Amino acid sequence: MASADGSSPLTIPGGTRQSPINIQWRDSVYDPFLKPLKISYDPTTCLHIWNNGYSFLVEFDDSADRSIIVGGPLENQYRLKQFHFHWGAINEWGSEHTVDSKFYPAELHLVHWNAVVYPTFEEAVMEGNGLAVIGVFLKLGAHHEGLQMLVDALPAIKHKDAVIEFDVFDPSCLIPSCPDYWTYAGSLTTPPLTESVTWIIKKQPIEVDENQLEAFRMLLFTSDGEEEKRMVDNFRPLQPLMNRTVRSSFQ
Ligand SMILES: NS(=O)(=O)c1ccc(-n2ccn(-c3ccc(F)cc3F)c2=O)cc1
Ligand SMILES: [Zn+2]
């Protein structure tokens, strides 16, 4: 939906570092000073899984430094707050970022915040170095054992605001073993769209099977009792790169 000047309500007036973007592989710049990203998650920090009416999220206890990432492009360590996905109605699209203008059927986002510098997540969301989000592409292929635990919980959170307890889950099983990533300065891809995210996009996708993608698509945007609207195509349009460079951790 665009307004008279052609802008969509999802553009931030004066935004200079909006996300998602297309990652043009040949335009990314290898940075030899980028460190390996170190990921250490405590599976018992997992709290619950819920349908927030836009995606489904798994949230974590972030009251201490128990599930953290450090290194990579980051100056501090960041605490895991939640992870969620974006996907399409069909396998031809669904990811938020694209690589050489290619969409993947889905994309995982692991959202972390800079608890070294900021006292709360709410404050970190407003600051340029407040958040770090790891993006992982999902491609159609083999069955993913680790994802299946999430898929098995989805029928119980079909409707908006449904939540179930999720005791133990290690999201490391959703992150590819290949250490290669791209990184750039960007934003949240849904409101408040704040320009507070260091994006770390893994080069290697994970493989999931058709049944697992279909399970995402039977979730609903709508609450119980409302006219059903399937939760699909919950990805934001690509945003202009403007004056940004995408760096790669690999040659
Ligand atoms: N898709 S993404 O860029 O990873 C993304 C997009 C939006 C959010 N998001 C939306 C609202 N919030 C949020 C939640 C709690 C809070 F206190 C403040 C927030 F901004 C948030 O973190 C979080 C992550
Ligand atoms: Zn997201």
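How far does a polar side-chain atom of His109 lie from a nitrogen atom of ligand 1? The separation between these atoms of His109 and ligand 1 is 3.4 Å.

The model is predicted, with local features requiring pLDDT of at least 70 and side-chain atom pairs pLDDT 80 or more, whereas totals for chains, interfaces and linings use all residues. Residues are numbered from 1 along each chain as its sequence is written, chains are lettered from A and ligands numbered from 1 in the order in which they are written, and side-chain values use heavy atoms, without hydrogens and water.

**View 1. Coordination of the zinc ion (ligand 2) by histidines.** His84 (NE2), His86 (NE2) and His109 (ND1) coordinate the ion at 2.0 Å (donors are N, O and S atoms within 2.8 Å of the metal, or 3.2 Å for Na, K and Ca; water is not among the atoms, so sites may look incomplete). The site is tetrahedral, with angles of 98 to 116° among its 4 donor atoms (four donors qualify if all angles lie between 85 and 135 degrees). The ideal angle for four tetrahedral donors is 109.5 degrees.

**View 2. Spacing of the zinc donors along the chain.** The donors follow the pattern H-x1-H-x22-H. His86 in strand β7 (residues 78–87) and His109 in strand β9 (residues 106–113) are 23 residues apart, and this pair links distant parts of the chain (strands are DSSP runs of E, at least two residues, numbered from the N terminus). Both His86 and His109 are buried (under 20% relative accessible area, 1.4 Å probe, protein chains only).

**View 3. Polar contacts of ligand 1 with Thr189 and His84.** A nitrogen atom of ligand 1 is 2.8 Å from a side-chain N or O atom of Thr189, and a polar side-chain atom of His84 lies 3.2 Å from a ligand 1 nitrogen atom (polar contacts here are pairs of N or O atoms within 3.5 Å).

How values were computed: Tetrahedral: all angles 85-135°; square planar, octahedral: opposite > 155°, others 65-115°. Helix = DSSP H or I, 4+ residues; strand = E, 2+ residues; numbered from the N terminus. Buried < 20%, exposed > 50% of the residue type's maximum accessible area, 1.4 Å probe, protein only. Polar contact = N/O pair within 3.5 Å; in protein donor to acceptor, adjacent residues only side chain to side chain.
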